[in-house]
Amino acid sequence: MNETTPDRGTEPAPDRGPTEWSDHPVGVGPWAEEHPGVPSPSEGPDGDRYDPDLLEHGDRRNVVDAYRYWTRDAVVADIDTRRHPLHIAIENFENDSNIGTVVRTANAFAVDTVHIVGRRRWNRRGAMVTDRYQHLMHHPDTASVIAYAREHGLTVVAVDNTPGSVPLETVRLPERCLLLFGQEGPGVTEEAQDAASMTVSIAQFGSTRSVNAGVAAGIAMHTWIRQHADLGRSW
Ligand SMILES: C[S@@+](CC[C@H](N)C(=O)[O-])C[C@H]1O[C@@H](n2cnc3c(N)ncnc32)[C@H](O)[C@@H]1O
């Protein structure tokens, strides 16, 4: 262990995530300690929302405070009432390490579904457990995710800085939209770009050929948010 390596002691239980087992936990302790003398919310009319285990032991999850002590299903159901008609797809033919970041950002923006295209396995660490509250769908190939978009009335927009792409900074993104990202190295496949209504690029000014796919996804998702989201409903 060196100075930059935190001492995490024992390994986390398999069902716990990286933000739930540090020495400086966020969140709240057991309900009885936080609200002395107040009956548990599980005894009230909305009791189904509450997780008896979290009420008893505390809630250290990576969730906003409005969801403290809620069951996972209740959190997902609540986000479902205000998910955006924005879908994200990322090609994963070579095991892209950015998918966790993409999933976490998609969760933050209440994206409808993240579509993983190609390999089913992906590195969940960067997701910081947010994948538990985000709809995910796997597609074996690009044709399958394009077919899904057509069936669901979503306009496919590929995101890459390839010749012929249009600056993201100048376009109005479709409201019912599937943003499709490539992976480190090859970028978005030709098949995806051919099927997309357009390919958009993020303006760059330095020497690097591209930005990290997770960063590109964050920029593009936020562009959609600025154009279509109701900011009055953000936290
Ligand atoms: C590292 S890049 C891929 C390689 C890149 N096409 C190249 O020629 O080096 C991985 C993915 O990030 C996204 N990306 C990175 N930089 C981008 C940019 N400036 N504009 C749009 N998308 C970008 C795209 O989805 C791309 O497929």
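Which residue in β7 does Val 166 stand opposite? In this predicted model, the residue in β7 opposite Val 166 is Val 200. The report proceeds from the overall architecture to the sheet, the helices beside it, the nonpolar cores and the ligand shell.

**Overall architecture**

The protein contains seven helices and seven strands. Their order along the sequence is α-α-α-β-α-β-β-α-β-β-β-α-β-α. The protein has 235 residues, of which 32% count as buried. Among contacts with a separation of 6 or more, 70% link residues that are 24 or more positions apart.

**The sheet**

The seven strands make up an open sheet with parallel pairing, arranged as β3-β2-β1-β6-β4-β7-β5. Strands β3 (135–139) and β5 (166–167) lie at the edges with a single partner strand each, so one side of each has no neighbour in the sheet.

Three of the strand pairings are set out below.

| Strand pair | Sense | Bridges | Residues opposite each other |
|---|---|---|---|
| β4 (155–159) and β6 (177–181) | parallel | five | Val 157 and Leu 179 |
| β4 and β7 (198–201) | parallel | three | Val 159 and Val 200 |
| β5 and β7 | parallel | two | Val 166 and Val 200 |

Val 200 in β7 thus appears opposite Val 159 and also opposite Val 166. In a regular strand, side chains alternate between the two faces of the sheet.

**Helices α7 and α4**

Helix α7 (residues 213–228) packs on the sheet and touches β1 (84–92), β2 (111–118), β4 and β6. The direction of α7 makes about 165° with that of β6.

Helix α4 (residues 99–108) is largely enclosed by the rest of the structure, because eight of its ten residues are buried. These buried residues are Ile 99, Gly 100, Thr 101, Val 102, Val 103, Thr 105, Ala 106 and Asn 107. Their cover includes β1, β2 and α7. After α4 comes Ala 110, which has a positive phi near 50°.

**Nonpolar cores**

The largest nonpolar core has 40 residues. The members that touch the most others are Ile 88, Val 156, Val 157, Val 159, Leu 179, Leu 180 and Phe 181. At least two residues of this core come from each of β1, α4, β2, α5 (142–151), β4, β6 and α7. The greatest contribution is that of α7, with six residues.

What does Val 159 contact, leaving aside its neighbours within four places in sequence? The contacts of Val 159 are Leu 179, Leu 180, Phe 181, Val 200, Ala 216 and Ala 220. A second core, separate from the largest, comprises six residues, including Trp 31, Tyr 50, Tyr 69 and Trp 70.

**The ligand shell**

The ligand is surrounded by 17 residues. Gly 182, Gly 187, Ser 210, Ala 213 and Ala 216 are the closest of these. By class, the shell comprises seven nonpolar, seven polar and three charged residues. Ala 216 belongs to this closest group and is also in contact with Val 159.

Conventions:
Residues are numbered from 1 along each chain as its sequence is written. This is a predicted model: local features need pLDDT of at least 70, side-chain atom pairs count only at pLDDT 80 or more; totals for chains, interfaces and linings use all residues. A residue is near a molecule or strand if its C-beta atom, placed from the backbone, lies within 6 Å of it. Ala, Val, Leu, Ile, Met, Phe, Trp, Tyr, Cys and Pro count as nonpolar, Asp, Glu, Lys and Arg as charged, and the others, Gly among them, as polar. Two strands pair if DSSP finds at least two bridges between them. Helices (H or I, at least four residues) and strands (E, at least two) are DSSP runs, numbered from the N terminus. Two residues are in contact if their C-beta atoms, placed from the backbone, lie within 7 Å. Axes are lines fitted to C-alpha atoms, for helices over the stretch in contact, and angles run from 0 to 180 degrees between N-to-C directions. A residue is buried if 20 or more other C-beta atoms lie within 10 Å of its own, exposed if 12 or fewer, and partly exposed in between; C-beta atoms are placed from the backbone. A nonpolar core is a set of buried Ala, Val, Leu, Ile, Met, Phe, Trp, Tyr and Cys residues joined through C-beta atoms within 7 Å.
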